[in-house]
Amino acid sequence: MNETRRVLIAADKFKGSLTAVQVAERVTAGLRRVVPGLDVEALPVADGGDGTVDAAVAAGFERREIRVAGPLGQEVTAAFALRGDTAVVEMAEASGLQRLPAGVFAPLTASTYGSGELLRAALDAGARTIVFGVGGSATTDGGAGMLSALGARFLDEDGEPVPPGGGGLAELARADMSGLDPRLSTVELVLASDVDNPLTGPKGAPAVYGPQKGASPDDVAALDAALAHFAKVLETAVGPRAAEHAAAPGAGAAGGIGYGALLLGARFRPGIEVMLDVLGFAPALDRAGLVITGEGSLDEQTLHGKAPAGVAAAARAAGKDVVAVCGRLALPEEALHRAGIGRAYPLTSVEPDVAKCIADAGPILERVAERIGQDFLV
């Protein structure tokens, strides 16, 4: 056994079963059953989607909670994370699918207003750098709600505010950006996302992600037309950059809130890269001999900017061994190796019943971690 080998656990959540923090706790428990007293460092990670604030808090950021508008206008308690003058804001905290009542979707009317309120709270807290993690949204409003909360006005022919949500943008006649919070021009805003879609078109936010939010084919067509109209009206208000931003990678992230963030001057970066920087991954990696990453499902999507791929790429570049834990494994060995993952350990390797894996993910993950301990640490 290698007595000095320190293990770094940098895994994302197992969606619907375990948070990233719980994944790290269960893996640690399993490893220490094989190697008592093993030196383990846990750094839960996220890629900008839901769980991003929790990952920042686990890394030492302070959790701040405020009341904001949920996607349907109802008040919800949402959190952001703060350390020094850096804030991590997660749009899903205010405007995510998890904020909708069970079984309820509102593709045409859900609003990102609460996300704008979260950004404003981060400014009020003194943030000079804001990492804005977007993903898991209930909304397809192009960020119009968020911009409204920050002082923009979107008016119809009668000079009245248009209705909330992407559907309401069809009635937009004029955009007034003169009231935007002036502090926005003095902060560094980083748009952190694993999605590089443009705002509209066949690869745009409504077409690709609208159906996940309950949008019918007619709704998708209506939302695509409304967002294209939104960008056109904004061209009149702010000039040609409105059209450039609509076509830019990341504009279509989280129902187009990426577009709203780009209008505010945000810089788009892959979510996992930003979060690894913010969480202090590089020094933790230096200290590690073995890296364990993972998420609920290791599949094709994992390879396109999800947390385990980002962790594995950085670890491989540093010459570290990487293994992954997951609920379900849907990648062939060659794809794992190309991503920098030496071996993957799905829960189904110790419990073939998928329903049991979901219900008892914690104890089963501990048994998986014992296997990793036997294979790599003994």
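**A tour from helix α12 to two pockets**

Start by selecting α12: the elements covering its buried residues include α10 (271-279), α11 (281-287), β11 (290-298), β12 (321-329) and α13 (333-339). Contact here means heavy atoms within 4.5 Å, and helices (H or I, at least four residues) and strands (E, at least two) are DSSP runs numbered from the N terminus. You are viewing a predicted model, where local features need pLDDT of at least 70, side-chain atom pairs count only at pLDDT 80 or more, and totals for chains, interfaces and linings use all residues. Residues are numbered from 1 along each chain as its sequence is written, and side-chain values use heavy atoms, without hydrogens or water.

Now colour residues 307-317, the span of α12; its buried residues are A307, P308, A309, G310, V311, A312 and A315. Buried means under 20% relative accessible area (1.4 Å probe, protein chains only). Just after α12, click G319, which has a positive phi near 75°.

Next, show K15, D194, Q212, Q301 and K306. The largest pocket holds about 990 Å³ of space, and these five are the closest to its centre among 33 lining residues. A pocket is an open set of points on a 1 Å grid over the protein atoms alone, where a 1.4 Å probe fits, with protein on both sides within 12 Å along at least five of seven lines; lining residues have an atom within 4 Å of a point. β11 gives the largest share of this lining, three residues.

Finally, find the hairpin of β3 and β4, with five residues between the strands, and select G73, whose phi is positive, near 95°.

Notes. Pairing = 2+ DSSP bridges. Buried < 20%, exposed > 50% of the residue type's maximum accessible area, 1.4 Å probe, protein only. Points joined across faces, edges and corners; volume = space filled by probe spheres on them.
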